[in-house]
Structures are given as structure tokens and as C-alpha cells.
Amino acid sequence: VRNVIVASVILFLTIWSSDVINYPGLFDNGIEIARNIFRALYNPTWSLVFSLGVDGIPFLMFETLGIAFLGTLLGALLSVPFAFLTARNIVGKFNIIGNTVITTIRSFPFFLMALMFVRVSGPGAMTGVLTIGVLSIGMISKLYIEVIEDIDPGILMSLDALGATKYQKIRYGIIPQLTASILSVVIYRFEINVKNATVLGIVGAGGIGVTLLTAMTAGRWRDASAALWGIIIVVLVVDYFSTKLRRRLVNG
């Protein structure tokens, strides 16, 4: 009976959600455009791929990685006080304040936050760093909280019995339990931020996104293909090494 109810609810939601779809069909030249895009994927603008100038794909991807790294580092540092002020085993029932702040940050759409920072600090890579840093607080804090709430209380009780100070309890009881998990969380968020940073240039926040948007808007599919291949290669490399590093951290 339960499976029938679940299936009925899913079916109802599917039918109800389909009302928002209003698909007019392909454009007259849609097939031709799709064919040109597909051809361009196998024949990118090689001069952009191998160019070492500021307009080349290697430099733009290096800038994108820098934005993602600094933004992740900023978010990881800012998340520490939010997490400790929200963890239930640290502040008890008063965690509602931290939860409200974190939920509010997580509610901001990615592009809206980027546009706000563009208006405040102007276009450029620094705007991308600030956008990623602030938006990372929501997810990183949430994962930090789960890690903090899973702390073994026995270790802290033992340190209490030995007469340890609060600093000593944090230094020898909390930090050793959190380090590997927190680093794993930060690396995981860095993977996500690399992907996010690739589209920040669309709103003027630095990185390869502006090249990708300009090329696609102008119909220069080979240039867009060069940018896409740069993104794909970098994301694959980052995912590979970050996954191996996280696995080592988790397994000790």
C-alpha cells in the first residue's frame, strides 16, 4: 500500500509539474545550429587553446581556478564561527540564530549574489572571489555543523577530568577530531566552486565565462568550443585529484 501511495504522489506531482512546460518546438534553423555546435566541439580554435596571452584559454582557466581557490578559502574561514555558533552541542537551543543566518545565505541565487557584488565592487576577479566566498558559507557551515555535532564527547569529558582549560579542550579535544573532516568538506566545496567560477564571467565577475558568453552570443562556436574544452579538462583534473585527496583524509 505504501508503494502505491508513493507512486501515486510522484505521478500526481509529475502531471502537475508538466503544466509549466510550454515547448514551442525547434527554431527553423535549430538543427543547423546544433550541427555547427557539434562540429565545433571537435574543431575548436586551437590558437586560443594554446595561446599564453591574457585572452588565451590557459590564462583564463588559471584565473578561474584562482577565483575558486580564494573564494573557497574565504568561505571556509568565514564558516568557522557560524558553525560553532550554530552547532547544537555547543550553543544548545540558541542555535536558531545561526541557523537563520546560514539559511538566508543559502537562499540567495548564485547569479543574484554575483550581480550584487558587481554593482558594489565593480567587475573583475575580486568580485568572483567575494561571490564564491559568501555563497560558500551556507554549504560549508552546514557540513561543518554536522562534523562538530558528531564529536566524541568522551574525549572532552576526559580532558575535563584532567582539569584542562577551554583552550586545551579545543586544541587537544576538538581540533584533532575535526581537521580531516573539515579539510574534506573544503576540498569538496572547491570542486563545486571550480564549476561555479567558470560561469561567473557571464555577469562580469572574472574568469573564462565572459569569453564563453561572448563567443556563443556571436555564434563563434569554435571559440566557445575552445573555452568548453578548457573547462572540461580542468574540472576533470580537479575532480580526480580532489576525490583521491578526500578519500585519503577520510580513511586516515
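Reader: Which residues in α6 meet which residues in α8?

Author: The model discussed here is predicted. To read a helix contact, one lists the residues that each partner contributes. On the α6 side these are Asn-99, Ile-102, Ile-105 and Arg-106. They meet Val-134, Leu-135, Ile-137, Gly-138, Met-139, Ser-141, Lys-142 and Ile-145 in α8.

Reader: How do the residues of this contact divide into nonpolar, polar and charged?

Author: The contact of α6 with α8 comprises seven nonpolar, three polar and two charged residues.

Reader: At roughly what angle do the axes of α6 and α8 cross?

Author: The axes of helix α6 (residues 96–107) and helix α8 (residues 125–149) cross at roughly 135 degrees and come within 8 Å. An angle over 145 degrees would count as roughly antiparallel, and 65 to 115 as roughly perpendicular. The two helices, α6 and α8, are therefore oblique to each other. The crossing of α6 past α8 is left-handed.

Reader: How should one read the packing of α4 and α12, and what is the angle there?

Author: The approach is the same: angle, then handedness, then residues. Helix α4 (residues 57–84) packs against helix α12 (residues 221–250) at about 45 degrees, and their axes lie 10 Å apart. Accordingly, α4 and α12 are described as oblique to each other. Their crossing is right-handed.

Reader: Which residues make that contact of α4 and α12?

Author: Helix α4 supplies Ile-57, Met-61 and Leu-65. From α12 come Ala-226, Ala-227, Gly-230, Ile-231, Val-234 and Val-238. Of the residues in this contact, eight are nonpolar, one is polar and none is charged.

Conventions: Residues are numbered from 1 along each chain as its sequence is written. This is a predicted model: local features need pLDDT of at least 70, side-chain atom pairs count only at pLDDT 80 or more; totals for chains, interfaces and linings use all residues. Side-chain values use heavy atoms; hydrogens and water are left out. Axes are lines fitted to C-alpha atoms, for helices over the stretch in contact, and angles run from 0 to 180 degrees between N-to-C directions. Helices (H or I, at least four residues) and strands (E, at least two) are DSSP runs, numbered from the N terminus. Angles under 35 degrees count as roughly parallel, over 145 as roughly antiparallel, 65 to 115 as roughly perpendicular and the rest as oblique. A crossing is left-handed if the near helix is turned anticlockwise from the far one by less than a right angle, and right-handed if clockwise. Contact means heavy atoms within 4.5 Å. Ala, Val, Leu, Ile, Met, Phe, Trp, Tyr, Cys and Pro count as nonpolar, Asp, Glu, Lys and Arg as charged, and the others, Gly among them, as polar.
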